[in-house]
Each structure stands twice: as C-alpha cells, then as structure tokens.
Amino acid sequence: MEFDLATAVAKDRYPITEPESDAYDEVVRAARASLARHGYAELSGFATHDFIDWLTRDAEALAATAFRSVGQGTAYLAAPDGEVEEEHPLRRVMPFGVRVVAYDAIPFASPLRKLYESPELTAFISAIVDRGELYPYGDPFGALNLSVMGEGDELQWHYDQTDFVVSLAIQPSEAGGFFDVVPKMRNANDEHFDRVRALFDGDESEVVTLPMTPGTLLIFEGRHSIHRVSKIEGNRFRHVGLLAYDTVPGRQGSAALRQTRYGRTEPFLTPPTTRS
Ligand SMILES: O=C(O)CCC(=O)C(=O)O
Ligand SMILES: [Fe+2]
C-alpha cells in the first residue's frame, strides 16, 4: 500500500494538512485545554479505519521481532532507594513485562514509520504541546517504538522521563491492558509521596482508566502523571505506537536504557526490509 497522510488521518476531524484553517486552530485549542487541565489530550478517531487495518497487519508482522524484557521496576525508573523506609514509594518495586520494536528495527515501508516521519504530524503535535518547536526524538532506538504486549505482560506504575508521550492505539488485547493514570499526581515542587503510597497500597480512587480504542492518538504528560498498563489477558496482542518528540534536535538516550529496553546498544545501520 502507498502511504498518504490525507487518507491515514481522519482529515474531517483533524485537518492536519491545513494548518492555516480555523478547524485546525479549533482542534489545537481544544487539545491544549485538555492537556492543561487533565494532563492528557485524547484525539479519538485520529487514524482512519483503513489505516488502522494496515497498522494492525504491520504490527502483527513485526511482533515476532520485538525484544522482551521482564523484571521489577520502581515508579521512578531508578534503582530502589535503600535509604528510605521499606514501604516508601522510592523503594517499592513492581513487576513489568514488555516487548518493544525499536525505531531502527521498523522497516521504511511500515505505515507507523511513515506516519511518524510526516512533518505535518510533528508540526501538529508541536502546536498542541506549545513548548516551541518540536523535533522527532534523536534517539535511533527510542524515537518510535511499537509496543507489543501479550498475555501476562504488564507495565508497572511509573513516571516517564520525558515531558510527554504521544501514543497511537492500534489493537487492544482481549482483556486487560488498560492504560491507568492518576493525572498530575506530582509536580515540580511536590512528589506527593503520601498519595503515591496510598495508590500502591490499593487506593485507586484517583485512577482514571483511558480506553484503548484503536485509532485514538493520546498526547500525555507522563512526567507528572503516574501511569501503568494493567496485565494483558487473552491471546491477542495489544499494539500501541509510541511516538517521541524532543525540544532539542539530535538528543539521544543512554546506553544503559538501550540495553534494558532493547537488548542491544548499537543501532542497525538500516532497518530490515520486510513487506507490509
Ligand atoms: O503502552 C502504553 O500505552 C504506554 C507505555 C508507557 O507508559 C511507556 O512506555 O512509558
Ligand atoms: Fe510511560
């Protein structure tokens, strides 16, 4: 199939190729307001049905190449802090099991890569996030990930190390695999460890569950909103595209993170060429 942004994105609702239009302004304004208020903006029906079908076939073909990592992690994506008391959030570890296909392993022909590499999408995300010009993240592994989660996989409560993440829901699992969030759990001045501790002890009164509806583009401020992916049930993979942007061009992640998440530290020179 040939990629065409105008048929990949539902342009009646999201006119991303017409940045001068009033409709574009309106969509950007609404998303900004949601981001400011809730810490996330859900753009439902962003990808068209035909494009989701293509993304799904592509993701199913790529799933076998995903690198699986399993372990125990803290919410702060750092080693448990041995200095604090045992029940402190900084010391708590929770299980994770995830599979990801790194950017350098996603074929040039992949519709997910084509969408991510569309300058119009970067401009649209920049306009919504409103922190100056954004660039596709400079890391050859982390810029674009296909997250593939199968039965028993989960991702523990955590904060992201980047300001925001853009995800595109491609296929939900049969059951489980929900994206659970406590919007704005912390801020730059206050960690709110008491609330985090209550959450880890089972108080889910502040948790918002965002549905995994295929085609939804989610712009999410993960640095301040603690979140997790609940355990996957059933035989169908949960596929999500994770699109990363940065305010600085060319910045890269650490070798340690590459090793844990992708199982290697040297990027491929060119992605594999598979048909999709
Ligand atoms: O798979 C998702 O929906 C989100 C994954 C996530 O939170 C992360 O990769 O940091
Ligand atoms: Fe995250």
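Is serine 126 buried or exposed? Serine 126 is buried, with a relative accessible area of 13%. That's a small taste of what follows: a quick tour of a predicted model, starting with its iron ion and moving out through the strands. The iron ion (ligand 2) is held by His158, Asp160 and His227, and those three residues also turn up around ligand 1.

**The iron site**

- Three protein atoms serve as donors to the iron ion (ligand 2): NE2 of His158, OD of Asp160 and NE2 of His227, at 2.1 to 2.2 Å from the metal.
- Read along the chain, the donors of the iron ion follow the spacing H-x1-D-x66-H.
- Aspartate 160 sits in the loop between β6 (155-158) and β7 (165-171), while histidine 227 belongs to strand β12 (residues 226-229), so this pair ties together parts that are 67 residues apart in sequence.
- Both aspartate 160 and histidine 227 are buried.
- Histidine 158 is part of strand β6, and histidine 158 is buried too, with a relative accessible area of 6%.
- The side chain of histidine 158 also reaches the backbone oxygen of glutamine 156, at 2.8 Å.

**Around ligand 1**

- What surrounds ligand 1? You'll find Leu155, His158, Asp160, Phe179, His227, Val229, Arg238 and Leu242 there.
- Sorted by class, that shell has four nonpolar, two polar and two charged residues.
- Aspartate 160 has a side-chain N or O atom 3.0 Å from an oxygen atom of ligand 1.
- Histidine 227 puts a polar side-chain atom 3.1 Å from an oxygen atom of ligand 1.
- For arginine 238, a polar side-chain atom lies 2.9 Å from an oxygen atom of ligand 1.
- On its own, ligand 1 has 290 Å² of accessible area, and the protein covers 86% of that.
- Elements giving two or more residues to the shell around ligand 1 are β6, β12 and β14 (238-243).

**Strand β7 and its neighbours**

- Six of the seven residues of β7 are buried, so this strand is largely enclosed by the rest of the structure.
- β7 runs antiparallel to strand β11 (residues 217-220), and four bridges join the two.
- To spot this pairing, look for valine 165, which stands opposite phenylalanine 220 in β11.
- β7 also pairs with β14, again in the antiparallel sense, over five bridges.
- Here leucine 168 stands opposite glycine 241 in β14.

**Strand β5 and its neighbours**

- How many residues of strand β5 (residues 144-149) are buried? Six of its six residues are, and the strand is mostly covered.
- That goes for both faces of β5: Leu144, Leu146 and Val148 are buried on one side, and Asn145, Ser147 and Met149 on the other.
- β5 and β14 pair over six bridges in the antiparallel sense.
- Serine 147 has valine 240 as its bridge partner in β14.
- β3 joins β5 through three bridges, and these two strands run antiparallel.
- Serine 147 features here as well, standing opposite valine 100.

**Two more buried residues**

- Going back to serine 126, you'll find it in helix α5 (residues 119-129).
- A polar atom of the serine 126 side chain lies 3.1 Å from the backbone nitrogen of leucine 134.
- Phenylalanine 96 is in strand β3 (residues 94-101), and phenylalanine 96 is buried, with a relative accessible area of 18%.
- Phenylalanine 96 and serine 69 are 27 residues apart along the chain, with their C-alpha atoms separated by 7.9 Å.

**Loop residues with positive phi**

- Some background first: most residues other than glycine have a negative phi.
- Leucine 77 isn't a glycine, yet it has a positive phi of about 55 degrees.
- Leucine 77 lies in the loop between β2 (67-73) and β3, and leucine 77 is partly exposed, with a relative accessible area of 38%.
- Aspartate 130 isn't a glycine either, and its phi is positive at about 60 degrees.
- You'll find aspartate 130 in the loop between α5 and β4 (135-136), and with 48% relative accessibility aspartate 130 counts as partly exposed.

Technical notes. Residues are numbered from 1 along each chain as its sequence is written. Chains are lettered from A and ligands numbered from 1 in the order in which they are written. This is a predicted model: local features need pLDDT of at least 70, side-chain atom pairs count only at pLDDT 80 or more; totals for chains, interfaces and linings use all residues. Side-chain values use heavy atoms; hydrogens and water are left out. Donors are N, O and S atoms within 2.8 Å of the metal (3.2 Å for Na, K and Ca); water is not among the atoms, so sites may look incomplete. Buried means under 20% relative accessible area, exposed over 50%, partly exposed in between (1.4 Å probe, protein chains only). A residue is near a molecule or strand if one of its heavy atoms lies within 4 Å of it. A polar contact is a pair of N or O atoms within 3.5 Å; within protein, one must be able to donate a hydrogen and the other to accept it, and residues adjacent in sequence count only if both atoms are side-chain atoms. Accessible areas come from the Shrake-Rupley method with a 1.4 Å probe; for residues, only the protein chains shown count as cover. Ala, Val, Leu, Ile, Met, Phe, Trp, Tyr, Cys and Pro count as nonpolar, Asp, Glu, Lys and Arg as charged, and the others, Gly among them, as polar. Two strands pair if DSSP finds at least two bridges between them.
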